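Colleague: Please take a close look at a single part of this model, chosen around one charged side chain. I should like the answer to place that side chain among its partners and then to set it beside other ionic pairs.

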Amino acid sequence: MSESTMFRMETALSQNLREVTSPYDGRVVGTVPLTASTAGEAVLEVARSGARKARALSRNARGKILDAAATDIEHRNEEFARTIVAESGKTIRQARKEVLRAVNTLRLSADEARRNAGEVIPFDSYEGSEDRTGWYSREPLGIIAAITPFNDPLNLVAHKIGPAIAGGNAVILKPSALTPLSAQLLTDALVDAGLPPEVLFVVHGDRDVAESIIASRDVRMVSFTGGFSTGESIARTAGLKKLSMDLGGNAPVIVLNDADIEDAVESCVSGAFWAAGQNCVGVQRILVAKSLYAEFRQRFLDATAILVAGDPSDERTDVGPMISPVALSELRSKLDEAIDAGAVVLTGNVADGNVLQPTVLEAVPADSRLWKEEVFGPVVMLHPFSTFEEAIEVANAIDFSLHAGIFTDSLGRAMDAARQLEAGGVMINDSSDYRFDGMPFGGSKYGSMGREGVRFAYEEMTQPKVICIKN
């Protein structure tokens, strides 16, 4: 980075610091430099330089950097996990698993950097092109803006910057203002591994600076994970560029009358309350065959009752806090509306600070916000059904969907459901919240654009270039 660029960055960026607080007890757990609202052009200038340097890195160099960062993070697992706990409220056991997933995401990205380079095109298989040979390569887009949420503050960042770096791009990263510390640690690990600092620039700012970056014609792609209203705003601001958006879900899980009920209960309890339900593929609506409903409900309530909610740093805790008082208040509003309309609380709906006890309801009206919208909290709803066709209809009667699940001993029924469920992924005899970081990940219906999962994000973040030689 030139001295003049450094000078402009220093003058453009505010000296103010933003405090990061624990969602569990409100204590300050760190600070980040707050990017000035006027800093957009200075950030873009750095990213332009970064794009040139990223393109110049060999595939081998990109792979080595990503692998080295992954090894560093693996060795510092506890430091990263404690940071996740402190800023997001995810429990320590869950945070350690997230760190391992981020390590895997970076290693998968390193693999893509080395192997996904294009392929030979059989020009001579077409009449009139017998005297030609050639191939296509995968080339970087240039500058990618990545905007990430709070709920997986390390691995969801890795899912954007890993494939982007593998593809030879520069990245302007705006992590959630609620959980920026894990993203900063990850950035530092990549720079320590040899990534030129200009290639990955982290912006800790508010809407103004983000909009100026998103609107720039120099930014060739925006990759966003977050809410629908923000996604719509980004789409209006971005103009003609690639967009990849994961805008949330409302996962249904169907339990047929031939299901292994013990397995279904265990999987659905975990899927509903992992990360305090702040999970876009978390189990939200459990549709149970009427013949099993009473038994399933009791077993589900028994399994929920033994979950420990509270301090996320305690090894015994299963359910930590929601991310903020605002998030909890919004969820309580949905709960109150549904209850006033006839929903029955079977357990939970009691809060201590930001910790909401795991909450189970039934008889939730289908026109309530609680049923129709993404809950994003430790709340799950049970609903009996009479026929397979009814279950599919109820499952699909939502405007958006990421994952769905079904429990059954019938392969035929499972495959029928896989074909008919309108979702980006169907998990058979598993919770809807199962995700492997190498698989394509994205939604169905309203608002879903593009796919994550390392290989698929890499291909979104690169473009084919054809090389044709006439002999």
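Modeller: Arg 101 is partly exposed, its relative accessible area being 27% (buried is under 20%, exposed over 50%, partly exposed in between, with a 1.4 Å probe and protein chains only). The model is predicted, so to speak of local features requires a pLDDT of at least 70, and side-chain atom pairs count only at pLDDT 80 or more, while totals for chains, interfaces and linings use all residues. Residues are numbered from 1 along each chain as its sequence is written, and side-chain values use heavy atoms, with hydrogens and water left out.

The partner of Arg 101 is Asp 437: their side chains meet in a salt bridge, at 2.7 Å from N to O (a side-chain nitrogen of Lys or Arg within 4 Å of a carboxyl oxygen of Asp or Glu). Arg 101 belongs to helix α5, whereas Asp 437 sits in the loop between β19 (425–428) and β20 (444–445), so the bridge ties together parts that are 336 residues apart in sequence (helices are DSSP runs of H or I with at least four residues, strands runs of E with at least two, numbered from the N terminus). The two ends of the bridge are set in unlike surroundings, because Asp 437 counts as buried at 3% relative accessibility, whereas Arg 101 is partly exposed at 27%.

Both members of this pair have a further neighbour in Asn 155. That residue has its place in helix α6 and is buried, with a relative accessible area of 2%. Not counting residues up to four places away in sequence, Asn 155 touches Arg 101 and Asp 437, together with Glu 98, Ala 102 and Thr 105 (contact means heavy atoms within 4.5 Å).

Other pairs put this bridge in context; by the rule given above, the count comes to 28 salt bridges. One of them joins Lys 90 to Asp 152, with the closest N and O atoms 2.4 Å apart. Here too distant parts of the chain are linked: Lys 90 is in the loop between α4 and α5 (92–115), Asp 152 is in the loop between β5 (143–147) and α6 (155–166), and 62 residues separate them. Lys 90 and Asp 152 are both buried.

Arg 82 and Glu 78 offer a local pair. Their salt bridge has its closest N and O atoms 3.0 Å apart. The two residues are four places apart in helix α4 (residues 77–88), which means that about one helical turn separates them. Arg 82 counts as partly exposed, at 36% relative accessibility, and Glu 78 is likewise partly exposed, with a relative accessible area of 34%. This pair also belongs to a network of salt bridges in which Glu 78, Arg 82, Arg 96 and Glu 315 are linked.

A further acidic residue may be described by its contacts. Glu 373 lies in the loop between α13 (369–372) and β16 (379–385) and is partly exposed, with a relative accessible area of 30%. Leaving aside neighbours within four places in sequence, Glu 373 is in contact with Asn 250, Gln 284, Lys 334 and Phe 400. From Glu 373 to Gly 40 the C-alpha to C-alpha distance is 34 Å, and the two are 333 residues apart in sequence.

To return to the part requested, Arg 101 in helix α5 is tied to the loop that holds Asp 437, and Asn 155 touches both of these residues.
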